[in-house]
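Reader: I would like a close look at a single part of this protein. Please keep it brisk, and tie that part to its surroundings.

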Amino acid sequence: MRVPRHFAVHLLSLAFAVAIAFALIEPVPPDLENATQDIVFPIDKLVHFALFLVAAVPWRRSLAVLGVRSPGVAVVVAAAVYGGLLEIAQGLWTLRDAEFLDVAAGALGALVALGAIAAVAAVKARRVSRA
């Protein structure tokens with residue numbers, strides 16, 4: 001059996017999606033939730049931001065390999081939609097409430113990752129053009 005050329009990228013993308021679902025739907029232990037109540041900026045938003053920041057990289061590559069015209073835009077939209085669906089699931093299946101700011105933090109994380117990818121590509125392009 002022959003393995004498709006970009007199988008690893010797609011598998012990594014799927015693994016990140018599953019890991020994010022488990023991380024966001026799994027109930028937070030009460031001791032941890034109570035410990036973070038006094039923090040001015042909730043750790044939860046940083047977790048959403050970081051998860052989607054990291055996941056956006058393989059997701060973008062997967063979509064580019066599949067031939068999506070604007071993989072960056074598709075990743076940010078997918079991050080927002082996926083984050084929204086996970087927030088709904090979180091509100092239904094856990095004791096935590098669904099929050100719009102969690103969705104926004106995830107989409108922002110994906111957007112920042114794509115900005116970093118674009119910046120690295122621009123630097124590489126400048127180096128090539130100077131050589």
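In which helix is valine 103 found? Start there and work outwards, please.

Author: Valine 103 is found in helix H5. Keep in mind that this is a predicted model.

Take the residue itself before its setting. Valine 103 is buried, with a relative accessible area of 13%. The cut-off for buried is under 20%, so valine 103 qualifies at its 13%. Setting aside residues up to four places away in sequence, valine 103 touches Ala80, Gly83, Gly84 and Glu87. A further pairing can be given by C-alpha position. Valine 103 and valine 81 are 22 residues apart along the chain, and their C-alpha atoms are separated by 8.1 Å.

Now follow one of those contacts, glutamate 87. This residue is found in helix H4, which spans residues 71-93. Glutamate 87 is buried, at a relative accessible area of 3%. Its side chain reaches the backbone nitrogen of glutamate 99 at 2.9 Å. Beyond residues up to four places away in sequence, glutamate 87 touches His48, Asp97, Ala98, Glu99, Asp102 and Val103.

Glutamine 90 is found in helix H4 too. Glutamine 90 is buried, with a relative accessible area of 1%. Its contacts, leaving aside neighbours within four places in sequence, are Leu24, Arg96, Asp97, Ala98 and Asp102. Asp102 therefore appears on the contact list of glutamine 90 and on that of glutamate 87.

That leads to the charged groups. The structure holds 3 salt bridges. Asp44, Lys45, Glu99 and Asp102 are linked in a network of them. Take the bridges in turn.

Lysine 45 pairs with aspartate 44, with the closest N and O atoms 3.8 Å apart. Lysine 45 is buried, at 7% relative accessible area. Aspartate 44 is partly exposed, at 24%.

The side chains of lysine 45 and glutamate 99 also meet in a salt bridge, at 2.7 Å from N to O. This pair links distant parts of the chain. Lysine 45 is in helix H3, glutamate 99 is in the loop between H4 and H5, and the two are 54 residues apart. Glutamate 99 is partly exposed, with a relative accessible area of 35%.

The remaining bridge joins the side chains of aspartate 102 and lysine 45, at 2.8 Å from N to O. Aspartate 102 lies in helix H5 and lysine 45 in helix H3, so this pair ties together parts that are 57 residues apart in sequence. Aspartate 102 counts as buried, at 2% relative accessibility.

Next, move along helix H5 to leucine 114. Leucine 114 is buried, with a relative accessible area of 11%. Leaving aside neighbours within four places in sequence, leucine 114 is in contact with Arg60, Gly72, Val75 and Val76. Leucine 114 and valine 76 are 38 residues apart in sequence, and 8.5 Å apart from C-alpha to C-alpha.

Val75 brings in the nonpolar interior. The largest nonpolar core has 15 residues, and those with the most contacts inside it are Ile20, Phe52, Trp59 and Val75. Helix H1 (7-25), helix H3 (43-65), H4 and helix H5 (100-130) each supply at least two residues of this core. Isoleucine 20 touches Leu51, Phe52, Ala55, Trp59, Tyr82 and Leu86, not counting residues up to four places away in sequence.

Helix H4 also offers a contrast. Leucine 92 lies in helix H4. Leucine 92 is exposed, with a relative accessible area of 63%, whereas glutamine 90 is buried at 1%. Leucine 92 belongs to a nonpolar surface patch of about 770 Å². Its other members are Val73, Val77, Val81, Leu85, Ile88 and Trp93. Val81 is the residue paired with valine 103 above, at 8.1 Å between C-alpha atoms.

Finally, step back to the whole protein. It has 5 helices and 0 strands. Read along the sequence, the pattern is α-α-α-α-α. Of its 131 residues, 27% count as buried. Among contacts between residues at least 6 apart in sequence, 75% join residues at least 24 apart. The accessible surface comes to about 8800 Å², and 70% of this belongs to carbon and sulfur atoms.

Terms used:
Residues numbered from 1 in each chain as written. Predicted model: local features only at pLDDT ≥ 70, side-chain atom pairs only at ≥ 80, totals over all residues. Heavy atoms only, no water. Helix = DSSP H or I, 4+ residues; strand = E, 2+ residues; numbered from the N terminus. Buried < 20%, exposed > 50% of the residue type's maximum accessible area, 1.4 Å probe, protein only. Polar contact = N/O pair within 3.5 Å; in protein donor to acceptor, adjacent residues only side chain to side chain. Contact = heavy atoms within 4.5 Å. Areas by Shrake-Rupley, 256 points an atom, 1.4 Å probe, with all protein chains shown as cover. Core = buried A, V, L, I, M, F, W, Y, C linked by side-chain atoms within 4.5 Å. Patch = residues over 30% accessible without salt bridge, like charges linked within 9 Å, V, L, I, M, F, W, Y side chains within 5 Å. Salt bridge = Lys/Arg side-chain N within 4 Å of Asp/Glu carboxyl O.
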